[in-house]
Amino acid sequence: MQRYSVFSLVSNALRGNQHWERAWRDPDPKEEYDVVIVGGGGHGLATAYYLAKEHGINKVAVLEKGYLGGGNAGRNTTIVRSNYMIDGNTQFYEHSLKLWHGLSQDLNYNVMFSPRGYVALATSQAQMDASAFRANSMRMNGIDAELLTREQVQKLLPYLDCSPNARFPVYGGLWQGRAGTARHDAVNWGFARAADSRGVDIIQQCEVLGYLWDGGRIVGVETTRGNIRAKKVALAVAGSTTLLGQKAGLELPIESHLLQAFVTEPIKPMIDYVIAYGTAHFYISQSDKGGLVLGGDLDGYNSYAQRGNLPIVDEVLTVAKALIPALSRLRVLRHWAGVMDMSMDGSPIICKAPVDGLYLNCGWCYGGFKATPASGFAFAHTIAKDEPYETNARFTLDRFRRGYQIDEKGAGPTPGAH
Ligand SMILES: Cc1cc2nc3c(=O)[nH]c(=O)nc-3n(C[C@H](O)[C@H](O)[C@H](O)COP(=O)(O)OP(=O)(O)OC[C@H]3O[C@@H](n4cnc5c(N)ncnc54)[C@H](O)[C@@H]3O)c2cc1C
């Protein structure tokens, strides 16, 4: 594989950029693999990469029904952070943040990770108390966190309406300096290229329709490009997990919900940090191209369609204007939706399924993008060793039966509460 470097950039530029190699191959599916990963989003690709890199397992195929990153991996608002509080989540997301900090070097691909800092606003004294609690819990786990006063927030974000007349007056905030954003497409392409270079077959336009069985064991998949046998089949299909789970006889504690994102016309640099506003479930940051990227709450109904509804458009833009009045004349260029699989405790599931030969990676809710490297790392370990890695030991499916849920916020079948 051609390595990217300053030298390769300069020499290709001098030769008119005619000699770049394809970033990854386009192979036909083979009859059999050691591991078939279903889903060519960030999680599936990262799993394939770490299977090859950490465990030397490279007879691996990633099967994607559309194109790489066409699902949530290319539709999210790219926020990366580790400000979690509950044991299990805390250690897992911090592992992910550490991997993000070295990812471009590891993949030899610029994933445009930008640790610009993240501030979660508090809009009541109760939220300030909760933020202090969270900050202490994070620091006890060795994670950077700082409580900001209203004055500090106002200094950091001068365009914010911090007046007492604001719709939700700002009391302060919780700051994580190592958090930020990464370019989602670059993350997918970086993992794809690095996995391919280690022998993984990445097969697009290949939808998995069902499973091949030998007695009660899954021994492969039926696809639109024929049957493919595999010693192990691993699902990383985000919003489609319930559908593929049902085909394996599994009823999962997951609902598929829509989440929308928005981008405005590009403007000069204005918002330096990622800002989250829990009261209205709103968040905003500025992309490297200048567009403001913003998002809000779930659409509130279950669907598998990748488009959103208008009431949420109204809600998100109203909050944007209330929080930052200067945005009122900015035009929105695009909005879209992704189908997310919301688990009933808001935390993921990475484990062996209760069906022989099948492995599950699902239930990512709002936070799956930031999890991509650690999820791939832990899932690869689970598939290779048939036991969890230390960071996903609690992310079992049977925690819902045993009553050991990892409830970061909200309880019961209310995905909107997470
Ligand atoms: C609008 C929005 C904003 C978000 N913002 C953030 C954020 O700021 N930070 C954050 O951490 N997370 C965020 N998320 C969540 C995050 O994007 C997801 O949790 C994460 O991308 C999931 O990655 P994935 O690889 O599991 O899924 P996906 O990228 O959805 O990949 C799954 C793939 O499986 C494929 N597939 C499905 N069924 C089949 C089949 N039968 N056969 C073959 N292939 C199949 C799909 O085509 C898809 O490409 C956001 C999500 C949305 C929708």
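**Exercise 1. Find what share of the residues in the protein chain is buried, and decide how compact the chain is.**

Step 1. In this predicted model, buried residues make up 56% of the 418 residues in the protein chain.

Step 2. Turning to the secondary structure, one counts 11 helices and 18 strands in the protein chain.

Step 3. The radius of gyration of the chain is 21 Å, which is close to the 22 Å that the globule rule gives for 418 residues, so the chain is as compact as a globular protein of that length.

Step 4. For the outer dimensions, taken along the principal axes, the C-alpha atoms fill a box of roughly 65 × 60 × 40 Å.

**Exercise 2. Describe the nonpolar surface patch that includes Val-6, and decide whether Val-6 itself is buried or exposed.**

Step 1. The patch on the surface is formed by Val-6, Leu-9, Val-10, Leu-14 and Trp-20, which together have about 530 Å² of accessible area.

Step 2. Val-6 has its place in helix H1, which covers residues 6-14.

Step 3. The relative accessible area of Val-6 is 63%, and a residue counts as exposed when this value is over 50%; Val-6 is therefore exposed.

**Exercise 3. Work out how the rings of Trp-100 and Phe-113 are arranged, and which parts of the chain they link.**

Step 1. A search of the whole structure finds 16 aromatic pairs.

Step 2. One of them joins Trp-100 and Phe-113, whose rings lie 6.0 Å apart from centre to centre with 20° between the planes; planes under 30 degrees apart count as stacked, and this pair is indeed stacked.

Step 3. Trp-100 belongs to helix H3 (residues 89-101), whereas Phe-113 sits in the loop between helix H4 (103-107) and strand E4 (118-122), so that the pair links distant parts of the chain, 13 residues apart.

Step 4. Both Trp-100 and Phe-113 are buried.

**Exercise 4. Classify the pair formed by Tyr-211 and Trp-213, and state how accessible each residue is.**

Step 1. The ring centres of Tyr-211 and Trp-213 are 6.3 Å apart, and with 75° between the planes the pair is edge-to-face.

Step 2. Tyr-211 has a relative accessible area of 5% and is therefore buried, while Trp-213, with a value of 39%, is partly exposed.

**Exercise 5. Identify the aromatic cluster that contains Phe-191, and find which residue lies over the face of Tyr-4.**

Step 1. Phe-191 forms one aromatic cluster together with Tyr-49, Tyr-50, Phe-377 and Tyr-389.

Step 2. Over the face of Tyr-4 lies Arg-193, at 3.6 Å from the ring centre.

Methods. Residues are numbered from 1 along each chain as its sequence is written. This is a predicted model: local features need pLDDT of at least 70, side-chain atom pairs count only at pLDDT 80 or more; totals for chains, interfaces and linings use all residues. Side-chain values use heavy atoms; hydrogens and water are left out. Patches are made of residues with over 30% relative accessible area and no salt bridge: like charges are joined within 9 Å, nonpolar side chains (Val, Leu, Ile, Met, Phe, Trp, Tyr) within 5 Å. Accessible areas come from the Shrake-Rupley method with a 1.4 Å probe; for residues, only the protein chains shown count as cover. A salt bridge is a side-chain nitrogen of Lys or Arg within 4 Å of a carboxyl oxygen of Asp or Glu. Helices (H or I, at least four residues) and strands (E, at least two) are DSSP runs, numbered from the N terminus. Buried means under 20% relative accessible area, exposed over 50%, partly exposed in between (1.4 Å probe, protein chains only). Rings of Phe, Tyr and Trp (its six-membered ring) pair if their centres lie within 6.5 Å; planes under 30 degrees apart count as stacked, over 60 as edge-to-face and the rest as tilted. A charge sits over a ring if NZ of Lys or CZ of Arg is within 6 Å of the ring centre and within 35 degrees of the ring normal. The radius of gyration is taken over C-alpha atoms; the globule rule is 2.2 Å times the number of residues to the power 0.38.
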